[in-house]
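Me: I should like to learn how to read a structure of this kind. Please guide me through its features in turn.

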Amino acid sequence: MSGEHATSARATSEHRAPAEHQATSEQRAADTSLGDLLGEVSRDLSTLMRQELELAKAELTQSATRAGKGAGFLGGAGYAGLMAVLFLSIALWWGLGYLVGNGWSAVIVAVLWAAIGGILYASGRRELKAVRGVPQTAESLKKIPETLTRSDNPSRNEDTQ
């Protein structure tokens, strides 16, 4: 019986705990000054902000590490591609050398690469000319001085309308 009584008493105290906690919180709020409450909220907010900054730093570190690895892999892939193009060009030069001679085959491969370079240059230049930047932001920034001038001088605003 004593075991059941202890369980029953524990269950009753557990049910009362939230109500007692609420009463304690209300009493504490009534006894504490507004300045102390605001100070506590400020400290809690400061702690939360520090924790969020630490989380952001950890996430940025992890992202930067992954980005660095990815960039390294892409750089390695670019170098491997360059080497493949180089050796394929040498093979083409050598193969054409049997048909037209080594000197002329080198010229043919060089002209081929010059043509590819010229096409890529023209395409890149055309794409860069099409870049407009941030036209909406620039337009918004141009309007800010007008807005400030108009709001500072209401009589001028009436004159312009």
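The dialogue below takes up confidence, helices, annotated regions and burial.

Me: What should be settled before reading any detail?

Reply: This is a predicted model, in which local features need pLDDT of at least 70 and side-chain atom pairs count only at pLDDT 80 or more, while totals for chains, interfaces and linings use all residues. Residues are numbered from 1 along each chain as its sequence is written, and side-chain values use heavy atoms, with hydrogens and water left out.

Me: What is the mean pLDDT of the protein?

Reply: pLDDT is the predictor's confidence in each residue, from 0 to 100. Here the mean is 78, and 76% of the residues reach 70 or more. Residues 1–14 have pLDDT below 50, and beyond near neighbours in sequence this stretch has zero contacts in the model, a contact being heavy atoms within 4.5 Å. Among the elements, helix 3 (residues 102–130) has the highest mean pLDDT, 90, and helix 5 (residues 154–160) the lowest, 52.

Me: How many helices and strands are there in the protein?

Reply: Helices (H or I, at least four residues) and strands (E, at least two) are DSSP runs, numbered from the N terminus. The protein has five helices and zero strands.

Me: What should helix 2 span?

Reply: The expected span of a helix is 1.5 Å times one less than its number of residues. Helix 2 (residues 34–100) has 67 residues and should therefore span 99 Å; its end C-alpha atoms are 95 Å apart, which agrees. Just after helix 2, Gly-101 takes a positive phi of about 100°.

Me: Where does UniProt place the feature "transmembrane region"?

Reply: UniProt positions are given in the numbering used here, feature names are shortened, and annotations may be inferred rather than shown by experiment. The unreviewed UniProt entry places this feature at residues 73–96 and 102–122. Residues 73–96 are 100% helix, with end C-alpha atoms 34 Å apart. Residues 102–122 are also 100% helix, and their end C-alpha atoms lie 30 Å apart.

Me: Is Ser-89 buried or exposed?

Reply: Buried means under 20% relative accessible area, exposed over 50%, and partly exposed in between (1.4 Å probe, protein chains only). Ser-89, in helix 2, counts as buried because its relative accessibility is 13%. Buried residues make up 2% of the 161 residues in the protein.

Me: Which residues are in contact with Ser-89, leaving aside its neighbours within four places in sequence?

Reply: They are Val-109 and Trp-113. Ala-110 is found in helix 3, and its C-alpha atom is separated by 9.0 Å from that of Ser-89, 21 residues apart along the chain. At 46% relative accessibility, Ala-110 counts as partly exposed.
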